[in-house]
Amino acid sequence: MVNKTGEYDDSNYIFNDKNERLEVVGDITLNIEYWDCECTNDYIHSNIESRCDKCEAMEEDRPNSRENEVREYFN
Ligand SMILES: [Zn+2]
């Protein structure tokens, strides 16, 4: 992803109120502590889990979760 000045920016970390690391990529805020598996529901996993038992997705192959979806999921 490219930021507003047209440069690559993959180290722009901020923290939310739970002290979880967030990464802002363009208009999207990702939560680095979570990742999405391939399930339709309940697809958000903590980094503590490296694999989804249902769809067998591996953390290393999957993107980080969006912060707004993480907040919704755990509220
Ligand atoms: Zn899954």
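Here are some short exercises on the strands and contacts of this structure, each with a worked solution.

The model is predicted, so to speak a computed picture: local features need pLDDT of at least 70, side-chain atom pairs count only at pLDDT 80 or more, and totals for chains, interfaces and linings use all residues. Residues are numbered from 1 along each chain as its sequence is written.

**Exercise 1. Work out which elements the protein has and in what order they come.**

Step one: take stock. You'll find one helix and five strands; these are DSSP runs, numbered from the N terminus, with helices being H or I of at least four residues and strands E of at least two.

Step two: walk along from the N terminus, and the order reads β-β-β-β-β-α.

**Exercise 2. Find the partners of strand S2 and describe the two hairpins.**

Step one: get the pairing rule straight. Two strands pair if DSSP finds at least two bridges between them.

Step two: look at S1 (residues 13-15), which runs antiparallel to S2 and is joined to S2 by three bridges. Tyr 13 has Glu 23 in S2 as its bridge partner.

Step three: check the turn. The hairpin of S1 and S2 has five residues between the strands, and Asn 19 there takes a positive phi near 60°.

Step four: go to the other partner. S2 (residues 21-25) and S3 (residues 28-36) are antiparallel, with four bridges joining them. Val 24 sits opposite Thr 29 in S3, and Val 25 is opposite Ile 28 in S3.

Step five: this hairpin of S2 and S3 has two residues between the strands, and Gly 26 takes a positive phi near 60°.

**Exercise 3. Trace S3 to strands S4 and S5.**

Step one: S4 (residues 44-46) pairs with S3 in the antiparallel sense over three bridges. Here Asp 36 faces Ile 44 in S4 as its opposite number.

Step two: S5 (residues 64-66) also runs antiparallel to S3, and three bridges join them. Look for Asn 31, whose bridge partner in S5 is Ser 65.

**Exercise 4. Say how much of the protein is buried, and what share of its contacts spans at least 24 residues.**

Step one: of the 75 residues, 13% are buried (20 or more other C-beta atoms within 10 Å of the residue's own, with C-beta atoms placed from the backbone).

Step two: count contacts (C-beta atoms, placed from the backbone, within 7 Å). Among those between residues at least 6 apart in sequence, 38% join residues at least 24 apart.

Technical notes: Buried ≥ 20, exposed ≤ 12 C-beta atoms within 10 Å, placed from the backbone. Contact = placed C-beta atoms within 7 Å.
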